[in-house]
Amino acid sequence: MSDASLWTALADPHRRAIVALLLERPRPVGEIGEACGLSQPSTSKHLRVLRDAGLVRVRQDAQRRVYALDPGPIAELDAWLAPYRELWNRSLDRLGRRLDETSQDDTPHPTPKD
């Protein structure tokens, strides 16, 4: 699996929907296609891209092919994204502090009564 094939595989919204379905549990091709509103040939093409990228694995169950997520590439992707999550968390923390400061500045102060 190359990084490029992983990103290319996940670039398509249908393939992301398939990955989300497989996150719940392994599923046969027909069930995946039905859930995503895809024809069987289209589903098979998307699954092949995901399999070639290493994101899914397939096993034969009698006459059915059952697909499941392969956690390895997802873990690699998670590790790659970790520094970016930290960047966003720091930015959001700064924004939260600024909003807190702003809301304190806008709080009406009681006026002294004569």
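Me: Which side chain does Arg 90 meet in a salt bridge, at 3.7 Å from N to O?
Reply: A salt bridge here is a side-chain nitrogen of Lys or Arg within 4 Å of a carboxyl oxygen of Asp or Glu, and 3.7 Å fits that. Arg 90 and its partner sit four residues apart in helix α5, so about one helical turn separates them. The partner is Glu 86.

Me: Before we go on, what kind of model is this?
Reply: Residues are numbered from 1 along each chain as its sequence is written, and side-chain values use heavy atoms, with hydrogens and water left out. Local features need pLDDT of at least 70, side-chain atom pairs count only at pLDDT 80 or more, and totals for chains, interfaces and linings use all residues, since the model is predicted.

Me: Are Arg 90 and Glu 86 buried, partly exposed or exposed?
Reply: Buried means under 20% relative accessible area and exposed over 50%, with partly exposed in between (1.4 Å probe, protein chains only). Arg 90 comes out at 41%, and Glu 86 at 41%. So Arg 90 and Glu 86 each count as partly exposed.

Me: What pattern of helices and strands does the protein chain follow?
Reply: Helices (H or I, at least four residues) and strands (E, at least two) are DSSP runs, numbered from the N terminus. The protein chain has five helices and three strands. Read along the sequence, they give α-α-β-α-α-β-β-α.

Me: Which helix gives the most to the nonpolar surface patch?
Reply: Patches take residues with over 30% relative accessible area and no salt bridge, joining like charges within 9 Å and nonpolar side chains (Val, Leu, Ile, Met, Phe, Trp, Tyr) within 5 Å. Trp 7, Trp 80, Tyr 84 and Leu 87 make this one, at about 440 Å², with areas from the Shrake-Rupley method and a 1.4 Å probe, where for residues only the protein chains shown count as cover. Tyr 84, with a relative accessible area of 42%, lies in the helix you're after. Three of the patch residues come from residues 71-106, helix α5.

Me: Are α2 and α3 parallel, antiparallel, perpendicular or oblique to each other?
Reply: Two packed helices are described by the angle between their axes and the distance between the axes. For helix α2 (residues 13-24) and helix α3 (residues 29-36), the axes come within 10 Å and cross at roughly 120°; the axes are lines fitted to C-alpha atoms, for helices over the stretch in contact, and angles run from 0 to 180 degrees between N-to-C directions. Under 35 degrees counts as roughly parallel, over 145 as roughly antiparallel, 65 to 115 as roughly perpendicular and the rest as oblique. That makes α2 and α3 oblique.

Me: How far apart are the C-alpha atoms of Ile 32 and Leu 22?
Reply: Ile 32 belongs to helix α3 and is buried, at 0% relative accessibility. Ile 32 and Leu 22 are ten residues apart along the chain, and their C-alpha atoms are separated by 8.5 Å.

Me: And which residue, ten away along the chain, has its C-alpha atom 6.6 Å from that of Gln 40?
Reply: Gln 40 is in helix α4 and is partly exposed, at 48%. The residue separated from Gln 40 by 6.6 Å is Gly 30.

Me: Which residue pairs with Arg 57 in a salt bridge?
Reply: The N to O distance is 3.8 Å for Arg 57 and Asp 70. Arg 57 lies in strand β2 (residues 56-61) and Asp 70 in the loop between β3 (64-69) and α5, so the pair ties together parts that are 13 residues apart in sequence. Arg 57 is partly exposed at 44%, as is its partner at 24%. That partner is Asp 70.

Me: How many salt bridges does the structure hold?
Reply: One of them joins Arg 48 and Asp 52 at 3.6 Å, four residues and so about one helical turn apart in helix α4 (residues 40-52). Others link Glu 24, Arg 25, Arg 27 and Glu 31 in a network. The total is nine.

Me: Which residue other than glycine has a positive phi, near 60°?
Reply: Look in the loop between β2 and β3. The residue there is exposed, with a relative accessible area of 65%. It's Ala 62.
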